[in-house]
Amino acid sequence: MNLAGSGDGFVTLADGSMRWGKYGAAGVLVRHVGPDGTWYFLARRSMHCHRGGTWAIPGGALDLGEAPVDGALREFDEEIGHLLDTFELGETHQDDHGGWSYWTVIIDVPRRFDPPATLGWETAEARWVADHELGELELFDAFSSTLSRLGLL
């Protein structure tokens, strides 16, 4: 991380709400489509994080000048580990909150990889979830809204 241009920190939006990431934020929604259906790799937020215990995608603050795809992949590596050696970039979705954006970067992987045994402090658990199971999880509010907009919920 470039500390001089670190995006770590809260910003207050015009409506008074606060968001993490001085320059916006981004996360990776990893998807695998196989003969047994469509699967998504999700992370359950640790109790040390805002809305701990809810499920979302690995992600976080963008650094100054960092492209959303680069930031999302960096955050995945920081929170989950370097597991995304082979992938195809899919869609990138911007959720604009009036001067602050969260970017959801969808990538496709050829196989479901095993979640690591050890995770960073931000992540309590990580696993593959079948598309039909998404609605059964307690999802992070903003992630749930994004899934709805994308037609996945």
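A residue counts as buried under 20% relative accessible area, as exposed over 50%, and as partly exposed in between (1.4 Å probe, protein chains only). With that in hand, Phe41 is buried, at a relative accessible area of 0%.

The structure above is a predicted model, in which local features need pLDDT of at least 70 and side-chain atom pairs count only at pLDDT 80 or more, while totals for chains, interfaces and linings use all residues. Residues are numbered from 1 along each chain as its sequence is written, and side-chain values use heavy atoms, with hydrogens and water left out.

**Aromatic rings**

A pair of aromatic rings is described by the distance of the centres and the angle of the planes. Rings of Phe, Tyr and Trp (its six-membered ring) pair if their centres lie within 6.5 Å; planes under 30 degrees apart are called stacked, over 60 edge-to-face, and the rest tilted. Searching the whole structure gives six aromatic pairs. In one of them, the planes of Phe10 and Trp20 stand at 75 degrees with the ring centres 4.9 Å apart, so the pair is edge-to-face. Phe10 sits in strand 1 (residues 10–12) and Trp20 in strand 2 (residues 18–20), 10 residues apart; helices (H or I, at least four residues) and strands (E, at least two) are DSSP runs, numbered from the N terminus.

Phe41 also has a ring partner: with Phe113 it forms a tilted pair, 4.9 Å centre to centre and 50 degrees between the planes. Phe41 belongs to strand 4 (residues 37–45) and Phe113 to the loop between strand 8 (101–108) and strand 9 (123–130), so this pair ties together parts that are 72 residues apart in sequence. Phe113 is buried too, at 6% relative accessibility. Ring pairs join Phe41, Phe76, Phe113 and Trp128 into a cluster.

How do the first two rings fare at the surface? Phe10 is exposed at 53% relative accessibility, whereas Trp20 is partly exposed at 39%. Together with Met18 they form a nonpolar surface patch of about 350 Å² accessible area. Patches are made of residues with over 30% relative accessible area and no salt bridge, like charges being joined within 9 Å and nonpolar side chains (Val, Leu, Ile, Met, Phe, Trp, Tyr) within 5 Å; the areas come from the Shrake-Rupley method with a 1.4 Å probe.

**Charged side chains**

A charge sits over a ring if NZ of Lys or CZ of Arg is within 6 Å of the ring centre and within 35 degrees of the ring normal. Arg112 lies over the face of Trp39, at 4.0 Å from the ring centre, and Arg127 over that of Trp55, at 5.0 Å.

A salt bridge is a side-chain nitrogen of Lys or Arg within 4 Å of a carboxyl oxygen of Asp or Glu. The whole structure holds 10 salt bridges, among them these:

| Acid | Base | Closest N and O atoms |
|---|---|---|
| Glu125 | Arg44 | 3.1 Å |
| Asp63 | Arg74 | 3.9 Å |
| Glu125 | Arg127 | 3.8 Å |

Glu125 is partly exposed at 28% relative accessibility, and so are Arg44 at 24% and Arg127 at 28%.

Which residues share a network of salt bridges with Asp63? They are Glu66, Arg74, Glu75 and Glu78. Within this network, Asp63 is buried at 6% relative accessible area, and Arg74 is buried at 16%.
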